[in-house]
Amino acid sequence: MGSILVLAEHRQGVLRDVSYEMMAVAPKLAEQMGTDVVALLIGSGMDELAKKMAAFGIKVLVVDDPLFKDFNADKYQKVLSALIDDLKPAVVMTGHTAQGVDFMPALAIEKKLPLVADAISLEYAGGTLKATRQLYSGKANAVMAFKPAATYLLTFREGAVEAPDASASGSVEKLDSPLKEDLSYRKFIEYVEAEVGDVDITQSDILVAVGRGLKEDKNLPLVEELAKAIKADIAGSRAATDAGWIPHDRQVGTSGKAVKPKLYIAMGISGAFQHIAGMKGAKTVVAINKDPEAPIFSVADYAIVDDMFKIVPKLTEKLKELKG
Ligand SMILES: Cc1cc2nc3c(=O)[nH]c(=O)nc-3n(C[C@H](O)[C@H](O)[C@H](O)COP(=O)(O)OP(=O)(O)OC[C@H]3O[C@@H](n4cnc5c(N)ncnc54)[C@H](O)[C@@H]3O)c2cc1C
């Protein structure tokens with residue numbers, strides 16, 4: 001059986017968290033399948049990143065060429081297509097990220113291979129590879145069984161598992177680039193860093209985050225008062241930023257910011273995976289939601305199942321008292 005080929009994703013010279021996280025699932029799957037894990041890096045000047053991936057005790061294949069200085073989905077597809085022919089991997093796994101979803105479906109069509117996107121766990125038993133995905137914003141899980149194929153394609157969700165420590169030693173092998181000349185039909189133009197507003201929530205120690213449960217912006221002072229009492233910054237879900245209640249640069253989640261405060265108080269937020277991926281780094285999570293089944297409770301250290309309009313004023317009062 002071929003290896004499990006894991007594409008290590010990087011941006012601006014830094015490996016993305018999902019590259020490390022896949023090192024928690026790929027080795028377990030390799031054990032079940034009776035094969036090994038091989039990481040693949042595509043880029044230009046990849047030596048340092050290759051060493052970091054090799055520290056997971058695996059072989060790292062590197063396609064290092066100025067042609068890959070900037071991400072281009074079509075170029076990645078060409079490289080992976082050629083490597084599937086050459087290496088015949090049992091599985092090709094990438095992050096379920098803007099990059100991964102840009103070329104994996106096209107690769108699946110090109111190679112006529114089965115793809116499960118956005119997997120959160122994997123299992124191989126009795127000759128069948130199964131991938132679990134979430135449905136309805138995390139309210140239900142679906143287990144997808146792959147039809148037998150020479151190579152299975154997978155995109156794995158960011159933030160679904162914790163990255164393991166890297167303390168072993170592996171090897172690095174450079175490959176000739178299967179792509180010999182630039183592609184003219186899709187060009188990288190420029191990398192635009194997201195603007196940081198008046199408050200950079202990625203640096204906040206305490207965040208009070210609001211969601212659709214706030215209902216309307218006239219209710220915002222309730223939250224502002226709590227934030228003021230504990231010197232917190234205000235953040236929110238995409239529902240809250242889309243509604244215009246808080247600025248877009250305060251959005252937490254996959255299409256917002258990843259935050260790592262000491263305390264994260266989520267109120268009226270359901271806990272869609274896109275949101276949880278952005279706040280999983282918080283040390284302590286307090287969630288207030290009137291729905292006991294809300295997925296946010298699965299990551300909460302303290303769960304308050306109640307109406308935020310009842311709880312927040314009481315919490316503010318109590319915290320003021322304690323501080324006083
Ligand atoms: C490609 C893509 C990217 C996305 N990126 C992000 C992202 O970066 N960040 C993000 O947050 N979302 C993102 N989303 C959207 C995400 O899927 C959810 O739709 C969104 O997070 C829901 O926001 P919410 O929890 O505030 O609202 P809802 O899901 O509507 O939840 C509102 C919650 O408030 C509770 N509630 C209502 N009234 C009260 C009350 N009085 N007291 C207490 N609780 C109450 C309800 O029980 C409910 O659980 C993305 C979606 C897609 C498709």
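This note goes through the predicted model point by point, from the whole chain down to single residues.

1. **Overall make-up.** The model is a prediction. Eight helices and 17 strands make up its secondary structure. The C-alpha trace spans about 65 × 45 × 35 Å along the principal axes.

2. **Compactness.** The radius of gyration is 22 Å. A compact globule of 324 residues would have a value near 20 Å, so the protein agrees with that expectation. Of the 324 residues, 47% count as buried. Among contacts with a separation of 6 or more, 63% join residues 24 or more positions apart.

3. **Surface and charge.** The accessible surface comes to about 16300 Å². Carbon and sulfur atoms hold 50% of that surface. The protein carries 39 positive and 44 negative charges. The mean positions of the two sets lie 3 Å apart.

4. **The largest nonpolar core.** This core has 37 residues. Those with the most contacts inside it are Ile4, Leu29, Leu41, Val60, Val91, Met93 and Leu154. Helix H1, residues 17-33, gives the largest share of this core, eight residues. A second, separate core has 24 residues, including Leu83, Phe103, Leu179 and Leu183.

5. **Leucine 154.** This residue is among those with the most contacts inside the largest core. Which residues does leucine 154 contact, leaving aside neighbours within four places in sequence? One run is Val91, Val92, Met93 and Thr94. The others are Met104, Leu115, Val116, Ala119, Leu122, Ala131 and Phe146.

6. **Helix H5.** H5 covers residues 220-229. Its residues Leu220, Val223, Leu226, Ala227 and Ala229 are buried. What do the buried residues of H5 pack against? They meet three strands, S13 (206-210), S14 (233-236) and S15 (263-267), and also helix H8 (308-323).

7. **Lysine 231.** This lysine follows H5 and lies in the loop between H5 and S14. Its phi is near 55°, a positive value in a residue other than glycine. Is lysine 231 buried or exposed? Its relative accessibility is 69%, so lysine 231 counts as exposed; the cut-off for exposed is over 50%.

8. **Aspartate 118.** Here too phi is positive, near 65°, in a residue other than glycine. Aspartate 118 sits in strand S7, residues 115-119. Its relative accessibility is 6%, so aspartate 118 counts as buried; buried means under 20%. Lysine 231 has a positive phi in a loop, whereas aspartate 118 has a positive phi in a strand.

9. **Alanine 54.** This residue lies in helix H2, residues 47-54. It is buried, because its relative accessible area is 7%. Not counting residues up to four places away in sequence, alanine 54 touches Val60, one of the residues with the most contacts in the largest core. It also touches the run Ala168, Ser169, Gly170, Ser171 and Val172. Serine 44 is ten residues from alanine 54 along the chain, and their C-alpha atoms are separated by 17 Å.

10. **Leucine 135.** Strand S9, residues 128-135, holds this leucine. Its relative accessible area is 31%, so leucine 135 is partly exposed. Leaving aside neighbours within four places in sequence, leucine 135 is in contact with Ala140 and Ala142.

Methods. Residues numbered from 1 in each chain as written. Predicted model: local features only at pLDDT ≥ 70, side-chain atom pairs only at ≥ 80, totals over all residues. Heavy atoms only, no water. Helix = DSSP H or I, 4+ residues; strand = E, 2+ residues; numbered from the N terminus. Rg over C-alpha atoms; globule rule 2.2 N^0.38 Å. Buried < 20%, exposed > 50% of the residue type's maximum accessible area, 1.4 Å probe, protein only. Contact = heavy atoms within 4.5 Å. Areas by Shrake-Rupley, 256 points an atom, 1.4 Å probe, with all protein chains shown as cover. Lys, Arg positive; Asp, Glu negative; His and termini not counted. Charge placed at Lys NZ, Arg CZ, Asp CG, Glu CD. Core = buried A, V, L, I, M, F, W, Y, C linked by side-chain atoms within 4.5 Å.
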